[in-house]
Amino acid sequence: LADIANSHDIDGLFLSCQPAVVFHAAAYKHVPLLEASIFAAVKNNVLATRLVADKAVQAGVEHVILVSSDKAVNPTNVMGLTKRAAEIYCQTLNTSVNTAFTTVRFGNVLGSSGSVLPLFRDQIRQGGPLTVTHPEMIRYFMMIPEAASLILQAYTIGRGGQVFVLDMGEPVKIVELAEQLITLSGKEPYKDIDIQFSGVRPGEKLFEELFYASESMQQTEKQKVFESCCCEYPLKTVVATLTQLEHAYKNRDQDAAL
């Protein structure tokens, strides 16, 4: 257990473990919470990712897999913005170092901690109601084995600088998922167990996207895994921007950070 924003912790880990591969999944992911916690998001999702990436290069790590989010595509919230910044840094760093940096973008992982599935199950056990933020809210979903498999496949086929996305099929309406779960529990939606709409939370989009229009998506050798050809940014520009972001973080200047 270590703090990824702590240089001594990361130095100690790389020295003692001497890893060939790093799977970087540590991040703050709660969208509404991060809208009100911008500095925590910047510190953990951007600056700490930069630290881990730089230390991995210094330690001679062969490959770093960054676990990102579909919220990093055309982001409208702090969580998505910080994850996109992390993507850009790792992809840009990849062009000038021996360590390979590969990114994996996730949709919602069903059954994971904090996902909607355990919440709905608890609400059904309590007799309802099930709470859905908006009747038109849709999300891409993947199962836990698919998520784990995607990370491992990204490692096996990744050469560095790529973004991999799982083909998750059509996005699902959250209200329809709630209705199906009620039906599967032997109850009738809106009669035995009600569904209530609680309102869109801060920073939430009604729909998510898996890649930018400027990204060229193509099928890989692995079934259901797509690869994006990313836009490249000058390393000097990226480093300078993250330096500005770090100054805004240290000065507690929220407007500058945004």
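In which helix does Gln244 lie? In this predicted model, Gln244 is part of helix α8, which spans residues 235-250. With a relative accessibility of 56%, Gln244 lies above the 50% cut-off and therefore counts as exposed. The C-alpha atom of Gln244 is separated by 8.4 Å from that of Ala256, a residue twelve positions away along the chain.

Helix α8 belongs to a protein chain that contains nine helices and twelve strands. For 258 residues, a compact globule would be expected to have a radius of gyration near 18 Å; the value for the protein chain is 20 Å, which agrees with that expectation. Along the principal axes, the C-alpha atoms fill a box of roughly 60 × 45 × 40 Å. Among contacts in the protein chain with a separation of 6 or more, 77% are accounted for by residues 24 or more positions apart.

Of the 258 residues, 46% count as buried. The protein chain exposes about 13100 Å², and carbon and sulfur atoms supply 53% of this area. Charged side chains comprise 22 positive and 28 negative groups, and the centres of the two sets lie 3 Å apart.

Strands β2, β3 and β8 were then examined through their pairing. Strand β3 covers residues 100-106 and runs parallel to β8, to which it is joined by three bridges. Strand β2, formed by residues 63-69, is likewise parallel to β3, and seven bridges join the two. Strand β3 thus pairs with both β8 and β2. Arg105 of β3 takes part in both pairings: its bridge partner in β8 is Val165, while Ser68 stands opposite Arg105 in the pairing with β2.

The side chains of a regular strand alternate between the two faces of the sheet. In β3, Ala100, Thr102, Val104 and Phe106 are on one side, whereas Phe101, Thr103 and Arg105 are on the other; all of these residues are buried, and both faces of the strand are covered. Seven of the seven residues of β3 are accordingly counted as buried. Arg105, with bridge partner Val165 in β8, is thus itself among the buried residues of β3.

Strand β8, comprising residues 163-166, is also covered on both faces. Val163 and Val165 are buried on one side of β8, and Phe164 and Leu166 are buried on the other. Val165, the bridge partner of Arg105, is therefore buried, with a relative accessible area under 20%.

Definitions and conventions. Residues numbered from 1 in each chain as written. Predicted model: local features only at pLDDT ≥ 70, side-chain atom pairs only at ≥ 80, totals over all residues. Heavy atoms only, no water. Helix = DSSP H or I, 4+ residues; strand = E, 2+ residues; numbered from the N terminus. Rg over C-alpha atoms; globule rule 2.2 N^0.38 Å. Buried < 20%, exposed > 50% of the residue type's maximum accessible area, 1.4 Å probe, protein only. Contact = heavy atoms within 4.5 Å. Areas by Shrake-Rupley, 256 points an atom, 1.4 Å probe, with all protein chains shown as cover. Lys, Arg positive; Asp, Glu negative; His and termini not counted. Charge placed at Lys NZ, Arg CZ, Asp CG, Glu CD. Pairing = 2+ DSSP bridges.
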